[in-house]
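Trainee: I'm new here, and I'd love a guided look at this one. Could we go through it together, one question at a time?

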Amino acid sequence: MSAELAAAGAVAAAAARARAVGSVEEEVFTQQRASRRQMHKICEQKRRDGLKTALDTLKKTIPGCSILSDQSQQNILLKAYQFVCDLIRKQQSNKVVIEELQHIREKNNIIQSEIEYFKEECKKLSSLSMNTNLVSSSTHHHSQMQLHKSSDRSLVNS
């Protein structure tokens, strides 16, 4: 009987040790789970803080958004979307204006070239006209002298 009691005591002791080990394992598991939960809370808080900071920055950047302090996240994002769409529209409009200005600049360059060409032509014509006037004036003067000589001769002959 004492062998049986010893065996039963050994079994009970082993069972107690198993319960203790199981209890320790369960406690370690519970602590790990609590630690993971705490770590998740910390990470989630960092994420929310980052999102809040980004929304606050966006709110300060978008015109008309910083006036109202109680803007919802949805309203801030909606106004940001509208602002970006407006900027894209303006950029496209400016692109068209820039293209039109480039076309006008090209036309202006062509007209400037034509003006320079006509200035040179005017100089040439002016120079040619002056030479023609000198020749014409000289011819006219010569004709006048011939007329005087002729009239002098006719007076003398009469």
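Trainee: In which helix is the place of Ala80?

Mentor: Glad to start there, and keep in mind that this is a predicted model. The chain has two helices and zero strands. Residues 73-157 make up one of these helices, and Ala80 has its place in that helix, H2.

Trainee: Is Ala80 buried or exposed?

Mentor: Buried means under 20% relative accessible area. The relative accessibility of Ala80 is 10%, so Ala80 counts as buried.

Trainee: Leaving aside neighbours within four places in sequence, which residues is Ala80 in contact with?

Mentor: Take Ile62 to begin with: Ile62 and Ala80 are 18 residues apart in sequence, yet their C-alpha atoms are 6.2 Å apart in space. With neighbours within four places set aside, the contacts of Ala80 are Leu58 and Ile62.

Trainee: Which residues make up the largest nonpolar core?

Mentor: In soluble globular proteins, nonpolar side chains tend to be buried together. In this chain of 158 residues, 4% count as buried. The largest nonpolar core has five residues in all: Leu55, Ile62, Cys65, Ile76 and Ala80.

Trainee: And Leu55, leaving aside its neighbours within four places in sequence: what is it in contact with?

Mentor: Leu55 belongs to that largest nonpolar core, as does Ile76. Apart from neighbours within four places in sequence, Leu55 is in contact with Gln73, Ile76 and Leu77.

Trainee: Which residues form a nonpolar patch on the surface?

Mentor: Let's begin with Leu101, which is found in helix H2. Leu101 has a relative accessible area of 48%, so it is partly exposed. Together with two others it makes a patch with about 270 Å² of accessible area, formed by Val97, Leu101 and Ile104.

Trainee: How far apart, N to O, are the side chains of Arg48 and Glu44 in their salt bridge?

Mentor: Both residues lie in helix H1 (residues 2-61), four residues apart, about one turn of the helix. Arg48 is partly exposed at 41% relative accessibility, and Glu44 is partly exposed at 23%. Their side chains meet in a salt bridge, and the N to O distance is 3.6 Å.

Trainee: Why are Glu121 and Lys124 separated by about one helical turn, and which residues do salt bridges that share partners join into one network?

Mentor: The side chains of Glu121 and Lys124 meet in a salt bridge at 3.8 Å, N to O. The two are separated by about one helical turn because they are three residues apart in helix H2. As for the network, salt bridges with shared partners join Glu44, Arg47 and Arg48.

Technical notes. Residues numbered from 1 in each chain as written. Predicted model: local features only at pLDDT ≥ 70, side-chain atom pairs only at ≥ 80, totals over all residues. Heavy atoms only, no water. Buried < 20%, exposed > 50% of the residue type's maximum accessible area, 1.4 Å probe, protein only. Contact = heavy atoms within 4.5 Å. Core = buried A, V, L, I, M, F, W, Y, C linked by side-chain atoms within 4.5 Å. Patch = residues over 30% accessible without salt bridge, like charges linked within 9 Å, V, L, I, M, F, W, Y side chains within 5 Å. Areas by Shrake-Rupley, 256 points an atom, 1.4 Å probe, with all protein chains shown as cover. Salt bridge = Lys/Arg side-chain N within 4 Å of Asp/Glu carboxyl O.
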